[in-house]
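What follows is a short report for a reader who is meeting this structure for the first time. Please look over the sequence and the model before reading on.

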Amino acid sequence: MRHLMNPLDFSVEELDKLFDLANNIEANPAKYAHACEGKKLATCFYEPSTRTRLSFEAAMLNLGGQVLGFSDAASSSASKGESVSDTIRIISCYADICAMRHPKEGAPMVAAERSGIPVINAGDGGHQHPTQTLTDLLTIRSLKGRLGGFTVGLCGDLKFGRTVHSLINALIRYDDIHFIFISPPELKVPDYITDMLTERGIIYREVIRLEDCMPDLDLLYMTRVQRERFFNEEDYVRLKDFYILDKAKLSDAKSDMLILHPLPRVNEISIEVDDDPRAVYFKQAQYGVYVRMALILTLLGIDV
Amino acid sequence: MLNVGKIEEGFVLDHIEAGKSLDIYHHLKLGKLDCTVAIIKNARSNKMGKKDILKVECDINTLNLDILAFIDHNITVNVIKDGKIVDKKELVLPKEIHNVIKCRNPRCITSIEQELPHIFVLADEEKEIYRCKYCEEKAGNSSNW
């Protein structure tokens with residue numbers, strides 16, 4: 001029985017198969033509409049996350065399956081002190097597959113160790129959020145036709161952003177990837193990542209402003225710069241506009257560059273950018289459903 | 001010069017980094033064994049300047065080499081039988097260690113889940129880095145254990 005804890009749990013070849021399946025689902029949704037009939041997905045969300053939970057639920061419903069679960073710890077037996085190990089043993093009696101989000105890092109792995117059904121990590125604190133990374137990769141592969149040969153700009157909070165760290169680790173398995181890290185010095189990508197890139201001979205550059213690298217980028221992955229990450233208000237006010245993407249900053253970008261964002265967005269991408277054909281963050285949410293559908297089928301071992 | 005007598009059966013852990021012998025005493029749970037233990041601190045050493053030595057008179061199968069290797073794989077392990085060295089064990093970094101150190105990450109599931117073992121996995125053999133199996137937090141140095 002397989003689980004998904006980390007985006008690197010799947011080899012590049014396995015990911016290719018998963019993404020091919022996701023693209024097939026996208027092209028032929030009717031073919032898969034009954035694939036999971038009689039199967040149930042349990043969404044065990046110990047902290048609220050509307051988009052991720054609904055994306056999982058939409059994925060299972062699109063496959064003809066059913067969903068059950070809870071959407072915060074207060075409405076689960078965790079509020080009575082039940083351990084994750086016990087909860088998953090019980091859930092294994094009720095459902096065929098489980099998507100678990102938990103504020104504690106490693107909780108889905110504890111569940112996977114005790115579970116009788118496949119467990120998908122739907123986000124564990126600041127640790128991993130593998131289906132977000134799979135969503136990012138599927139979006140890039142579907143819209144660009146490949147996953148190698150890019151200069152990738154990652155912008156915003158690169159210090160604490162787990163989606164950024166996961167995406168870097170996932171992309172370095174492909175050929176000819178260059179990175180440009182765009183962030184204030186306070187939110188630079190951690191040393192262990194730049195050290196790892198140097199060791200592997202992967203070219204990267206660190207810049208302060210989006211304008212410093214815009215013409216070079218094939219992909220731009222935006223994240224939010226949060227006020228509370230700064231030591232003082234002056235620095236935040238001084239730097240925050242550097243990380244807001246608007247039409248003016250995009251004027252230097254390549255015509256086929258893709259703009260991605262894990263969402264939710266606050267103000268780091270101006271609404272005026274939404275209509276630009278390069279803005280694909282809402283398509284990304286759609287690909288998130290396709291990749292979760294492909295993942296559910298793969299982990300349940302269902303061939304259509 | 002202090003003299004500590006020979007042991008008949010057991011092991012002598014030599015070339016322990018000075019000051020670490022009590023850590024090892026603790027982690028090998030030697031306090032719970034009903035046997036003679038000699039802790040020699042700051043012994044003179046040509047190789048190390050000064051070193052610690054542990055002599056333990058007990059059944060030689062009771063020693064957990066994995067824990068020892070994790071603490072310091074440069075320690076020399078001499079196995080003693082009938083008063084003589086019969087074997088020198090080579091310490092190899094264990095792939096996993098269970099319940100030797102605790103994960104210090106307050107956001108880790110090990111901080112709340114009942115009776116969950118604290119498991120660290122060898123993530124980088126060259127740099128001797130262990131990470132928590134669950135949250136991947138790096139194991140700290142011995143002063144943080």
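## Contact between the chains

In this predicted model, the contact between the two sides draws 11 residues from chain B and 12 residues from chain A. On the side of chain B that touches chain A, the residues divide into six nonpolar, two polar and three charged.

## Chain A as a whole

Chain A is built with 10 helices and nine strands. Its radius of gyration is 20 Å, which is close to the 19 Å given by the globule rule for 304 residues, so chain A is as compact as a globular protein of that length. Taken along the principal axes, the box that the C-alpha atoms of chain A fill is roughly 55 × 45 × 40 Å, and 45% of the 304 residues of chain A count as buried. When contacts in chain A between residues at least 6 apart in sequence are considered, 76% of them join residues at least 24 apart.

## Two domains of chain A

The domain assignment divides chain A as set out in the table, where the residue ranges are given for each domain.

| Domain of chain A | Residues |
|---|---|
| domain 1 | 7-127 + 288-300 |
| domain 2 | 131-284 |

The C-alpha centres of domain 1 and domain 2 of chain A lie 27 Å apart, and where the domains meet, 17 residues of domain 1 of chain A are in contact with 16 residues of domain 2 of chain A. On the side of domain 1 of chain A that touches domain 2 of chain A, the elements giving two or more residues are helix H1 (12-27), strand E4 (119-124) and helix H10 (281-300) of chain A. The residues on that side of domain 1 of chain A divide into 11 nonpolar, four polar and two charged.

## One residue in its surroundings

A single residue can serve as an example of the local detail. A:His178 has its place in strand E6 of chain A, which runs over residues 177-182. Is A:His178 buried or exposed? With 17 other C-beta atoms within 10 Å, A:His178 is partly exposed, because that count falls between the 12 or fewer of an exposed residue and the 20 or more of a buried one. If neighbours within four places in sequence are left aside, A:His178 is in contact with A:Thr151, A:Ile203 and A:Tyr204. A:Glu47, by contrast, is 131 residues from A:His178 along the chain, and the C-alpha atoms of A:His178 and A:Glu47 are separated by 35 Å.

Notes
Residues numbered from 1 in each chain as written. Chains lettered and ligands numbered in written order. Predicted model: local features only at pLDDT ≥ 70, side-chain atom pairs only at ≥ 80, totals over all residues. Contact = placed C-beta atoms within 7 Å. Nonpolar A, V, L, I, M, F, W, Y, C, P; charged D, E, K, R; others polar. Helix = DSSP H or I, 4+ residues; strand = E, 2+ residues; numbered from the N terminus. Domains from an automatic or database assignment. Rg over C-alpha atoms; globule rule 2.2 N^0.38 Å.
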